[in-house]
Amino acid sequence: MNWRGRPLTGHEVLVELIGATTTQTGLRVRAELDRGRDPLGVRVGDEELAAVPLARHAVHGEWNYTLQPAADKPPPTARSSSTTLEAQR
């Protein structure tokens, strides 16, 4: 069953549906609701934003893009990236 067969009644439902995503090629998605609060008013400078390695898509590249791993670092594993995020809080 996909999301079209179930009303989107809250955050938990969305997280469950996202987490149930699979593909024919074997992709499995893990999702969890983060109830933490991010600080307000954080500004990202033009230079810092320009350094983010984005690959813009041909159609509406201002909205559709792929975030590439940093050239000087190997891509993190799922475990290490969540640990890093928790350490930043």
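Nonpolar patches here are built from residues with over 30% relative accessible area and no salt bridge, joining nonpolar side chains (Val, Leu, Ile, Met, Phe, Trp, Tyr) within 5 Å.

This is a predicted model, where local features need pLDDT of at least 70, side-chain atom pairs count only at pLDDT 80 or more, and totals for chains, interfaces and linings use all residues. Residues are numbered from 1 along each chain as its sequence is written, and side-chain values use heavy atoms, with hydrogens and water left out.

**View A. A nonpolar patch on the surface.** V44, L49, V52, L54, Y65 and L67 make up this patch of about 540 Å², with areas from the Shrake-Rupley method (1.4 Å probe; for residues, only the protein chains shown count as cover). One of its members, L54, sits in strand 1 (residues 54-56); strands are DSSP runs of E, at least two residues, and helices are H or I runs of at least four, both numbered from the N terminus.

**View B. R35 meets E12.** Their side chains form a salt bridge at 2.2 Å, N to O; that term means a side-chain nitrogen of Lys or Arg within 4 Å of a carboxyl oxygen of Asp or Glu. R35 is in the loop between helix 1 (11-19) and helix 2 (46-50) while E12 is in helix 1, so the pair ties together parts 23 residues apart in sequence. R35 is exposed at 61% relative accessibility, whereas E12 is partly exposed at 41% (buried is under 20%, exposed over 50%, partly exposed in between; 1.4 Å probe, protein chains only).

**View C. E32 meets R30.** Here's the other pair: the structure holds 2 salt bridges, and E32 and R30 make one of them at 2.5 Å, N to O. E32 is exposed at 54%, and R30 is exposed at 68%.

Terms used: Patch = residues over 30% accessible without salt bridge, like charges linked within 9 Å, V, L, I, M, F, W, Y side chains within 5 Å.
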